[in-house]
Amino acid sequence: MTAVLLVLVPFGPATQSAVIGSVLCGFAVGWAMLAVLAARFTDQPQRWAFVPAALMGLSGLLLVVFGPAVQPAVNWILPAAMLAASIYMIVRVRQNFSGSRARWVLYPVIVALGLASVGAGYQAIGEAVDAQATPMPGQLIDVGGHRLHLYCAGSGGPTVVLEAGGGAAAAELELLRSAVERDTRVCVYDRAGRGWSDSTPTPAHGIQIATDLHTLLERAEVPGPYVLAGHSFGGLYVQMFAAQYPSEVAGMVLIDSTAPDATSSGYQPHPFVMDRVFALLSSPAQLGLGHLFGGTARDLLSSINEYADAADAVQHAASLTDFGDKPLFVLTARVGNDAGWFTAQDRMAALSTDSVHRIVENASHQMLVSDEESAAVTAHAILDVVAAVRSGEPLAK
């Protein structure tokens, strides 16, 4: 209960590090209370309980106060320390509670702590092995308080900028990048909290994502105007970018994009509680579940925050009401979409007087970027827009 209260009240900032630290501090209070109350009200002092209290309390305070700066070190040191402490606690409980029913209350808690320690160690080692096996391509660029990962390849213009879907990283657009770079320069990047990019102290909402991308391209000296290609939720972000920086966008490709909606309420849960809840929900990935399913706690938190911002994102993307006569290619997957989705895709195609809306048969939403045959159709659409920008001629219908 103490751990939950410390998460929900402003004991620390609404970051994953602080939330995990708050949970640890809550458990520290519990073990300290066991030691104090046992000494005060029983004839069996349990001073050993100060050991886990001190370990959890110190680790928790470090995470709350210093946050991401100390989390990598804590991720390596705490699992081994907690596993050793769990073994120590089991021994002391057996010695001090022999014949008492109280030990059967403490054993499950201690075993759970031991298993969590093993999982956290597995997560830390797994992430380190993955990082070693997959070196970062490209570079990290400071966009104002945090760095974003950017990788550009190929030559020629206009430069294509690929925007991944919700919860996705640049690596998931590899099929598109490798196909497009044969004909022009193409850049992929990771939004804050994804892939190799830094996390931000607070969730990055749609307008901030578009602003970050603009700063990233500017500081990396990637010349525009660009052809933007966004998949799924990424289609909202490229439309926001086009609305904010119209002179820097030469063309656009919407790949089974989520549709904007000006009538959306844009409702956002109150950050006082919800940011902490989101951080808490993502924290189990730090106990090994993340690596087991091919991710990290940071990835999960970023995804949760992104989808929590959905209503606001679809509303702000609707600020792009006219794309003029710039080439616009809308690709829609036939499989898994209903009539309402196709209608919304037609509506997005109407943003430009020079647009093509193509339905890709036998392709699902994800296949447009992950299946070799379907991704080839997507890459071809991107290059059609590139060719139209180069020639000044309308898109071939």
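## How the strands pair up

Two strands count as paired if DSSP finds at least two bridges between them. Strand 2 and strand 4 clear that bar: 4 bridges join them, and the two run antiparallel. One spot to look at along this pairing is Ala 153, which stands opposite Val 186 in strand 4. Keep in mind as you look around that this is a predicted model.

Strand 2 also has a partner in strand 1 (residues 139-142), again with 4 bridges and again antiparallel. Here Asp 142 has Arg 147 of strand 2 as its bridge partner. Strands 1 and 2 make a hairpin with 4 residues between them, and in that hairpin Gly 144 takes a positive phi near 115°.

## The whole sheet

Now zoom out. These strands belong to an open sheet of 8 strands, with mixed pairing and the order 1-2-4-3-5-6-7-8. At the edges sit strand 1 and strand 8 (355-360), each of which pairs on one side only. From one strand to the next, the twist averages 25°. As for what holds such a thing together, strands of a sheet pair through backbone hydrogen bonds, in either a parallel or an antiparallel way.

Helix 13 (residues 339-349) lies across three of the strands: strand 6 (249-255), strand 7 (328-333) and strand 8. Relative to strand 7, helix 13 runs at about 175°.

## One disulfide, and some cysteines

How many disulfides does a search of the whole structure find? It finds 1. The pair is Cys 152 and Cys 187, with sulfur atoms 2.0 Å apart. Cys 152 lies in strand 2 (residues 147-153) and Cys 187 in strand 4 (residues 186-189), so the pair ties together parts that are 35 residues apart in sequence. The torsion about this S-S bond is about 105°, so the disulfide is right-handed.

Is Cys 187 buried or exposed? Buried means under 20% relative accessible area, and Cys 187 counts as buried because its relative accessibility is 1%. Cys 25 is buried too, at a relative accessible area of 7%.

## A loop residue with plenty to touch

Where does Thr 258 lie? Look in the loop between strand 6 and helix 9 (271-282). Thr 258 has 16% relative accessibility, so this loop residue counts as buried.

Leaving aside residues up to four places away in sequence, Thr 258 touches Ser 232, Phe 233, Leu 236, Gln 239, Val 314, Trp 341 and Met 348.

Definitions and conventions
Residues numbered from 1 in each chain as written. Predicted model: local features only at pLDDT ≥ 70, side-chain atom pairs only at ≥ 80, totals over all residues. Heavy atoms only, no water. Disulfide = S-S within 2.5 Å. Buried < 20%, exposed > 50% of the residue type's maximum accessible area, 1.4 Å probe, protein only. Axes fitted to C-alpha atoms, helices over the stretch in contact; angles between N-to-C directions. Contact = heavy atoms within 4.5 Å.
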